[in-house]
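Here is a short tour of how two chains sit against each other, and of a sheet inside one of them. Have a look at the structure first.

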Amino acid sequence: MTRREILPDRTGHFGPFGGTFVPETVMAALAELEQAYAAARRDAAFRRELGELLRTYAGRPTPLYHAKRLSRTLGRVRVYLKREDLLHTGAHKINNTLGQGLLAVRMGKRRLIAETGAGQHGVATATVAALFGLACEVFMGEEDMRRQSLNVVRMRLLGARVAPVRSGTRTLKDACNEAIRHWVTTVRTSHYCIGSVVGPHPYPMLVRDFQAVIGREARRQILAAEGRLPDLLLACVGGGSNAIGLFHPFRRDRKVRFVGVEAGGSSLAPGHHAATLLKGSPGVLHGSRSLLLQDRFGQVLPTASISAGLDYPGVGPEHAYYQLTGRARYVAVSDAQALRAAQLLARTEGILAALEPAHAIAYLERLAPRLRRGTVVVVGLSGRGDKDVQTLAAHLGANGAHPRHL
Amino acid sequence: MERIRATFNRLRRAGRKALIPFVMGGDPSLALTGPLLLALEEAGADLLEVGIPFSDPLADGPVIQAASVRALARGATPPRVLAAVASVRRRLHAPVVCLSYWNPIVQFGGGGPRAVERFVRAARASGCSGLIVPDLPVEEGARLRDAAAQAGVAVIVLAAPTSPPERLRLIARASQGFIYYVSVTGTTGIRRAMPPALVQGVRQLKLVTTKPVCVGFGISTPAQARTVARIADGVIVGSALIHAMGRARGRAALGRAAAFVRRLRVAV
């Protein structure tokens with residue numbers, strides 16, 4: 001990757017990844033979205049309006065918090081947490097839905113469609129739909145509706161229709177399928193608000209750009225706090241939007257290493273994890289070419305993770321490209337390690353993180369003993385853990401003190 | 001490719017329209033896919049469209065999704081579906097067109113840079129004259145078209161009611177054999193009525209091409225097929241045919257499918 005290279009290229013490719021693999025019916029809508037976004041980017045009024053909403057409505061900038069007790073517990077490292085969990089609706093997803101919501105209004109669309117896994121993106125989309133007076137329909141796997149029932153209630157309270165998806169694995173992958181099918185049917189009036197850096201061009205670029213506010217702030221904040229750039233950025237990766245959002249503004253800082261943490265599930269055997277970058281092979285799903293968990297005939301494999309937001313057999317094409325070029329490294333941690341890390345963070349810092357970013361904390365726990373003393377690490381804390389309390393309770397002993405399965 | 005052209009030339013001379021039934025390879029079973037194709041031709045089909053099942057069929061409604069799930073559960077894979085076609089190829093006169101999503105094609109025979117060429121050659125060897133890839137827009141299709149041209153296989157491109165005029169021209173130029181016009185802004189599936197804009201849509205496409213235009217997605221009854229046949233060169237019927245087979249297994253499914261296609265034949 002050279003300094004001047006702009007990605008994706010004009011046809012939406014990140015090297016061999018990305019592109020546009022969708023039914024013809026939505027091709028015109030993708031072109032319309034690309035044009036609307038190009039015009040909005042150049043429009044000072046759009047940037048001002050988005051900036052104003054991010055500040056006064058979503059609660060930006062979020063703090064970059066020096067987690068001293070966690071740092072001491074882990075030893076050797078200076079850990080900073082980028083507190084996206086403090087945003088309105090409780091996760092980084094709102095950065096993207098505010099941007100896409102404004103674009104939808106500019107394009108004259110009256111409805112927002114979204115897929116959701118953990119429900120955070122569904123809630124963020126429903127919130128923005130309410131804010132802008134748009135109708136909203138969220139597709140969610142039945143299995144995810146069960147394990148993230150709190151978020152289902154939140155979406156309904158916000159006026160969204162939550163459509164249960166009963167096909168396939170009844171999780172995020174099938175929610176994406178249904179959302180795309182519904183979009184194919186209602187494309188003239190609806191904007192498909194994709195929640196991660198996946199899907200056909202221009203979505204991986206657009207969602208990245210809206211999430212890059214995370215990294216822009218973090219870069220400024222760490223320079224102010226430490227007087228230097230961090231050594232390491234660490235974030236969880238499902239589709240990969242919070243990780244790309246953190247990494248992207250540092251991409252030219254060659255000395256800053258990027259590590260993405262995937263869901264290792266219960267084991268790295270096929271069907272028991274969602275570690276796409278670790279175990280996947282190149283393939284096409286949901287509109288773009290990236291890495292994919294699949295069998296030798298190209299059928300997409302089921303995934304498993306304790307964290308609904310990471311339970312996805314694909315990954316954003318830019319992450320596949322980062323891995324190919326060596327710009328970022330990707331690792332996986334297990335369900336059990338993530339559960340333990342969520343508790344570690346809660347007890348050392350008083351922060352109840354979602355199980356998704358708990359994966360990043362878990363990897364840091366593993367990595368810390370091998371790091372040089374004084375290593376500065378920024379961890380993307382993408383969301384808060386309220387939604388996971390039921391899951392955590394099920395895995396803890398009766399008094400919450402003695403975790404089972406750990 | 002030649003077979004498709006010859007078929008449409010013959011139909012045009014006879015003043016007839018093409019009837020193109022779609023079945024999912026491996027549904028109701030792999031063993032029945034070959035006999036089913038023979039029965040459909042016997043019942044009056046001019047071309048035969050065979051689906052290769054995929055785990056995530058984005059352009060398909062519930063009926064074809066369910067057919068894909070059944071086919072995969074019974075062990076259908078791309079090589080096995082092609083083998084089923086090959087098993088009856090010598091006894092069929094109608095050209096066979098295979099439909100597959102893009103991912104099974106790029107993984108064919110172990111994936112890698114030669115997978116598309118391998119797939120196209122295997123399709124040709126099994127007797128397929130054309131390919132339809134519903135999630136491969138014309139912009140991303142160069143690799144498939146190059147490989148298919150080498151093997152003499154037609155790549156049939158889809159046009160939609162939402163395709164603007166400049167895209168219709170692009171699609172018409174790229175498509176071989178015929179152009180597949182998607183009748184509805186939506187997925188495949190059974191519908192009560194054809195959209196009123198269909199006539200206008202087909203007319204617009206016909207303005208930019210002399211290639212045959214066949215219409216599919218949502219054509220469910222003989223009456224609808226008749227209406228569509230007045231404006232298009234061919235009628236593609238999938239979900240309604242699969243629905244007509246219902247829960248029937250074995251030879252009973254063949255009988256029901258043939259009876260439905262005979263009714264369509266009378267109408268078209």
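Buried area is the accessible area (1.4 Å probe) that two parts lose on being put together, summed over both. Chain B and chain A bury about 2,700 Å² this way, with 53% of it on carbon and sulfur atoms. On the chain B side, B:Asp56, B:Leu58 and B:Glu140 lose the most area to chain A, together 23% of what that side buries.

This is a predicted model, where local features need pLDDT of at least 70, side-chain atom pairs count only at pLDDT 80 or more, and totals for chains, interfaces and linings use all residues. Residues are numbered from 1 along each chain as its sequence is written, chains are lettered from A and ligands numbered from 1 in the order in which they are written, and side-chain values use heavy atoms, leaving out hydrogens and water.

Here's the contact tally, with contact meaning heavy atoms within 4.5 Å.

| Chain | Residues in contact with the other chain |
|---|---|
| Chain B | 36 residues |
| Chain A | 33 residues |

The interface has 2 salt bridges (a side-chain nitrogen of Lys or Arg within 4 Å of a carboxyl oxygen of Asp or Glu). A:Lys173 and B:Asp56 form a salt bridge through their side chains, at 2.8 Å from N to O.

Now for the sheet. Chain B has an open sheet of 9 strands with parallel pairing, in the order E5-E4-E3-E2-E1-E9-E8-E7-E6. Strands (E, at least two residues) are DSSP runs numbered from the N terminus, and two of them pair if DSSP finds at least two bridges between them. Strands E5 (154-156) and E6 of chain B are the edges, each pairing on one side only. In chain B, 4 bridges join E1 (residues 18-24) to E9 (residues 234-237).
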